[in-house]
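Here's a quick tour of a protein chain, written for someone who likes to look at the packing. Have the viewer open and follow along.

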Amino acid sequence: SGFNSIGHMDTLSRGRHQIGHCKEGEEFIQNVFHVLSQILTGKEKSNLATCWLQYEISKVIQCLQAKKKKKLKAQGRKSKKLAKNFLKAPDNRNNLSLWKLYAYLEWLLGNTEDARKVFDTALCTAGTGGLRSAQLCSLSLLYAQLEVELLESTEGAVMSRAVHVLTKLTENGPYVPYSGQVLPVNVLKARKTYEHALQDYLSRAPVSEQDQVKDAEQLVNLVGCYALFQYLTVGIDAAVSIYTQASEKLQVSGSQKCENTAENFGILNFPSALEAVTLLHTNLLRFHMKMSVYPLNPLREALTEALKRFPSNQSLWRSYIHVQRKSHTASKARRFFDSVTRSTDSLEPWLFAIQAEQMRKKLTEKVQRADVGEIHCTIPETGLTNRIVALFEHAVQSESGAHCPLLWRMYLNFMV
């Protein structure tokens, strides 16, 4: 009993309670992890530890979103204990992915100084791989991203801890923790190093399948670090131009790869690399709009282009809905949803189209019922209701929709 909640119904609220993981479902998942950790060894065991910690972090994020302070405290203690146990194991001492997740966990729990210590320790012990080490780049990128989110504005960001981390990454020497300033000469050197490294990656000759996956991961991290570095030291346009350059190269290589399926052309496991770069690009634009005045159009265009190419990416859809809520006309978004649902089999466009309309309905009802005490609006908003029902009907008629429990539950929930 209770296992149905594993099908993540946490998006629907039941009364005041957000539906999360129920007790039996949670026990089942924990048992799976425990049993597997006794069977697996070596690399597989490390990978399992990473997955387990990611799962724990997802629960912490859930508590943060639901604003449950007591539950967050208890969950935080459990997750930290697990993370420390993983890092005590001899095999995991130098596992940068685990160090990264542990530091992120501390940061989410509000222990910024502790998180910085963990990041610094990990970077000090990571050696001197510099831009050639995918894990080191990934660790530095997360550290810098989190630090950037703390900035009040981008003025004076050149002297920030984020720039220090991204500069040190290019130096290939041992890491030195932030002391409060960054030398301008180091910034100039770092910019040159990033530029050369990116050109090297983009002009690489074809490589074997296995190396492609590594290269893809490395290129994404490199582009992320370089663009963030440029954003902090030069400005948003400099960062966007790097994303554009990388995306164009990946698109060209991707199309050549499709033409030459017999020979392995190009550098990458393309779709995933291109998708990851696009995500970094749109996230940076969203962040910049929060920090300063910037037109909405570049972000809207980047998202629509990306969603045509990756119609099942949930993060991109979330950003799209967030952006569309700011505009007062629904017709543009509706036309876009309509065109995407016609051209793809994936279910995400339907689910997000429905969610967008439900949010609109909620907003309309809120406005109609404002400041009138007990007297509710007598004219019900039937237009939106009919549109949502029509969307549900179309969605459950599609091949993937007919077999999606979440969609049916949302439909039942709405009809009730």
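What follows goes from the overall picture to helix packing, the core and a few single residues.

## The big picture

Keep in mind that this is a predicted model. The protein chain has 18 helices and two strands. Of its 416 residues, 44% count as buried.

How much of the contact map is long-range? Taking contacts in the protein chain with a separation of 6 or more, 60% of them link residues 24 or more positions apart.

## Helix 2 and its two partners

Helix 2 (residues 42-66) is a good place to start, as it packs against helix 4 (residues 96-108) at an angle of about 10°, the axes being 10 Å apart. With an angle under 35 degrees counting as roughly parallel, that makes helix 2 roughly parallel to helix 4. Their crossing is left-handed. On the helix 2 side, the residues involved are Ala49, Thr50, Leu53, Gln54, Ile57, Val60, Ile61 and Leu64, and they meet Ser97, Leu98, Leu101, Tyr102, Tyr104, Leu105 and Leu108 of helix 4.

Now look at helix 3 (residues 69-88): its axis comes within 9 Å of the helix 2 axis, and the two cross at roughly 165°. Angles over 145 degrees count as roughly antiparallel, so helix 2 and helix 3 are roughly antiparallel to each other. This crossing, between helix 2 and helix 3, is left-handed too. Here helix 2 uses Ala49, Trp52, Leu53, Glu56, Lys59, Val60, Cys63 and Leu64, while helix 3 brings in Lys71, Leu72, Gln75, Ser79, Leu82, Ala83 and Phe86. Ala49, Leu53, Val60 and Leu64 of helix 2 turn up in the contacts with helix 4 and in those with helix 3.

## The nonpolar core

Which residues touch the most other members of the largest nonpolar core? Out of its 113 residues, they are Tyr194, Leu228, Tyr231, Leu232 and Leu407. Helix 9 (residues 209-233) supplies the largest share of this core, with twelve residues.

Zoom in on Leu407 and, leaving aside residues up to four places away in sequence, you'll find it touching Leu347, Leu351, Ile354, Phe392, Ala395, Val396 and Gly401.

## A helix tucked inside

Helix 7 (residues 161-169) is worth a stop: nine of its nine residues are buried, so it is largely enclosed by the rest of the structure. The buried set includes charged-type names as well as aliphatic ones, among them Arg161, His164, Lys168, Val163 and Leu166.

## Two buried residues and who they sit by

Asp215 is found in helix 9. Is Asp215 buried or exposed? Its relative accessibility is 9%, so it counts as buried. In sequence Asp215 is 81 residues from Ala134, yet the C-alpha atoms of the two are 8.4 Å apart.

Tyr201 lies in helix 8 (residues 184-202). With a relative accessible area of 10%, Tyr201 is buried. Leu219 is 18 residues away from Tyr201 in sequence, with 6.9 Å between their C-alpha atoms.

## Cysteines

How many disulfides does a search of the whole structure find? The count is zero.

As for the setting of two cysteines, Cys404 counts as buried because its relative accessibility is 13%, under the 20% cut-off. Cys51 has a relative accessibility of 41%, so it counts as partly exposed.

How values were computed. Residues are numbered from 1 along each chain as its sequence is written. This is a predicted model: local features need pLDDT of at least 70, side-chain atom pairs count only at pLDDT 80 or more; totals for chains, interfaces and linings use all residues. Side-chain values use heavy atoms; hydrogens and water are left out. A nonpolar core is a set of buried Ala, Val, Leu, Ile, Met, Phe, Trp, Tyr and Cys residues joined through side-chain atoms within 4.5 Å. Buried means under 20% relative accessible area, exposed over 50%, partly exposed in between (1.4 Å probe, protein chains only). Helices (H or I, at least four residues) and strands (E, at least two) are DSSP runs, numbered from the N terminus. Contact means heavy atoms within 4.5 Å. A disulfide is a pair of cysteine sulfur atoms within 2.5 Å. Axes are lines fitted to C-alpha atoms, for helices over the stretch in contact, and angles run from 0 to 180 degrees between N-to-C directions. Angles under 35 degrees count as roughly parallel, over 145 as roughly antiparallel, 65 to 115 as roughly perpendicular and the rest as oblique. A crossing is left-handed if the near helix is turned anticlockwise from the far one by less than a right angle, and right-handed if clockwise.
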